[in-house]
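Here is a short tour for a fellow structural biologist, with the helices and a pocket as the main stops. Please have the structure open and turn it as you read.

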Amino acid sequence: MKITLLAIGHKMPDWVSDTFNLYNQRLPHKQQIHLQELPPVKRGKTTSVAAVKAAEADVLLKKITSGSVLVALDERGKSLSTKGLSQHIGQWQQQGRDVFIVIGGADGLDQTVLQAAQQIWSLSRLTFPHQLVRVIMAEQIYRAYSLLNNHPYHRE
């Protein structure tokens, strides 16, 4: 099983890369998160938000491999606990399925991505900057693996 974090956006501040890498390097090599950054769509003065989201959706959906699980992060998604995340990861490991977790661009995800997703998660009712979402996902995946492996990092 491979987890890929697909993220619209590039040229992140150093603190984002450093913190993401800190948690990712704590994971065993075979369980590390594969970060795939995709450049945002260039906007013109007359480019609509809908057109930008549709173009980003096209790029994102082309990256999803057949038979994998697509998880979309969206503010209207299902709230998930760390324990719930660890259960999902455990199931995916047993099934041997690759997972793509998608972070949309500044305007969010197009409806086509949400419709294609097997699961839609919300990290919080709060709105986070996309840079912080990368860090949160890396830490939570590390925490979920810690929970699955009875590692003391996660305390209940």
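Let us begin with Ala54, which is found in helix 2. Keep in mind that this is a predicted model. Ala54 has a relative accessible area of 38%, so this residue is partly exposed. Thr112 is 58 residues away from Ala54 along the chain, yet the C-alpha atoms of the two are separated by 7.9 Å.

**Helix 2 and its two sides**

Helix 2 covers residues 49–63. Which of its residues are buried? In helix 2 these are Val52, Glu56, Ala57 and Leu60. Looking down the axis of helix 2, you will find the buried residues within an arc of 135°, so they line one face of the helix. A general point helps here: an α-helix has 3.6 residues a turn, so residues three or four places apart point the same way. Turn helix 2 to the face directed away from its buried side, and you meet the exposed residues Ala50 and Lys62. The cover over the buried residues of helix 2 includes strand 1 (3–8), strand 2 (34–38), strand 4 (99–103) and helix 4 (111–116).

**Helix 1**

Helix 1, made of residues 14–26, can be read in the same manner. Its buried residues are Val16, Phe20, Tyr23 and Asn24. Seen down the axis of helix 1, these buried residues fall within an arc of 100°, so they too line one face of the helix. Asp14, Asp18 and Gln25 are exposed and sit on the face of helix 1 turned away from its buried side. What covers the buried residues of helix 1 includes strand 1, strand 2 and helix 5.

The table sets out the lengths and spans of three helices, from first C-alpha to last.

| Helix | Length | Span | Expected span at 1.5 Å a residue |
|---|---|---|---|
| Helix 1 | 13 residues | 18 Å | 18 Å |
| Helix 2 | 15 residues | 22 Å | 21 Å |
| Helix 3 | 14 residues | 20 Å | 20 Å |

For helix 2, then, the reach of 22 Å is close to the expected 21 Å.

**Helix 3 and what packs on it**

Helix 3 takes in residues 82–95. Its buried residues are Thr82, Gly84, Leu85, Ser86, His88, Ile89, Gly90 and Trp92. Strand 1, strand 3, strand 4, strand 5 and helix 5 are among the elements that cover them.

Two of these residues deserve a visit. Is Ser86 buried or exposed? Its relative accessibility is 4%, so Ser86 counts as buried. Setting aside residues up to four places away in sequence, Ser86 touches Ala144, Leu147 and Leu148.

The other is Ile89, also placed in helix 3. Ile89 has a relative accessibility of 0%; because buried means under 20%, Ile89 counts as buried. Which residues does Ile89 contact, leaving aside neighbours within four places in sequence? They are Met1, Ile3, Ile141, Ala144, Tyr145 and Leu148. Ala144 and Leu148 thus appear in the contacts of Ser86 and in those of Ile89. Measuring from C-alpha to C-alpha, Ile89 and Val99 are 9.1 Å apart in space and ten residues apart in sequence.

Just after helix 3 comes Gly96, which takes a positive phi of about 70°.

**The largest pocket**

Now for the empty space. The largest pocket has a volume of about 430 Å³. How many residues line it? The lining has 22 residues, and Leu73, Asp74, Glu75, Thr127 and His130 lie nearest the centre of the pocket. By class, the lining is made up of ten nonpolar, seven polar and five charged residues.

Strand 3 (69–79), strand 5 (119–122) and helix 5 (130–148) each supply at least two residues of this lining. Strand 3 gives the most, with four residues.

**A last stop in a loop**

Finally, look at the loop between strand 5 and helix 5, where Leu126 is found. Leu126 has a relative accessibility of 59%, and so counts as exposed. Asp58 and Leu126 are 68 residues apart in sequence, with 27 Å between their C-alpha atoms.

How values were computed: Residues are numbered from 1 along each chain as its sequence is written. This is a predicted model: local features need pLDDT of at least 70, side-chain atom pairs count only at pLDDT 80 or more; totals for chains, interfaces and linings use all residues. Side-chain values use heavy atoms; hydrogens and water are left out. On a 1 Å grid over the protein atoms alone, a cavity is a set of points where a 1.4 Å probe fits but cannot get out, and a pocket is an open set with protein on both sides within 12 Å along at least five of seven lines; lining residues have an atom within 4 Å of a point. Grid points are joined across faces, edges and corners, and a volume is the space filled by probe spheres set on the points. Ala, Val, Leu, Ile, Met, Phe, Trp, Tyr, Cys and Pro count as nonpolar, Asp, Glu, Lys and Arg as charged, and the others, Gly among them, as polar. Buried means under 20% relative accessible area, exposed over 50%, partly exposed in between (1.4 Å probe, protein chains only). The expected span of a helix is 1.5 Å times one less than its number of residues. The arc is that of the directions from the helix axis to the C-beta atoms. Contact means heavy atoms within 4.5 Å.
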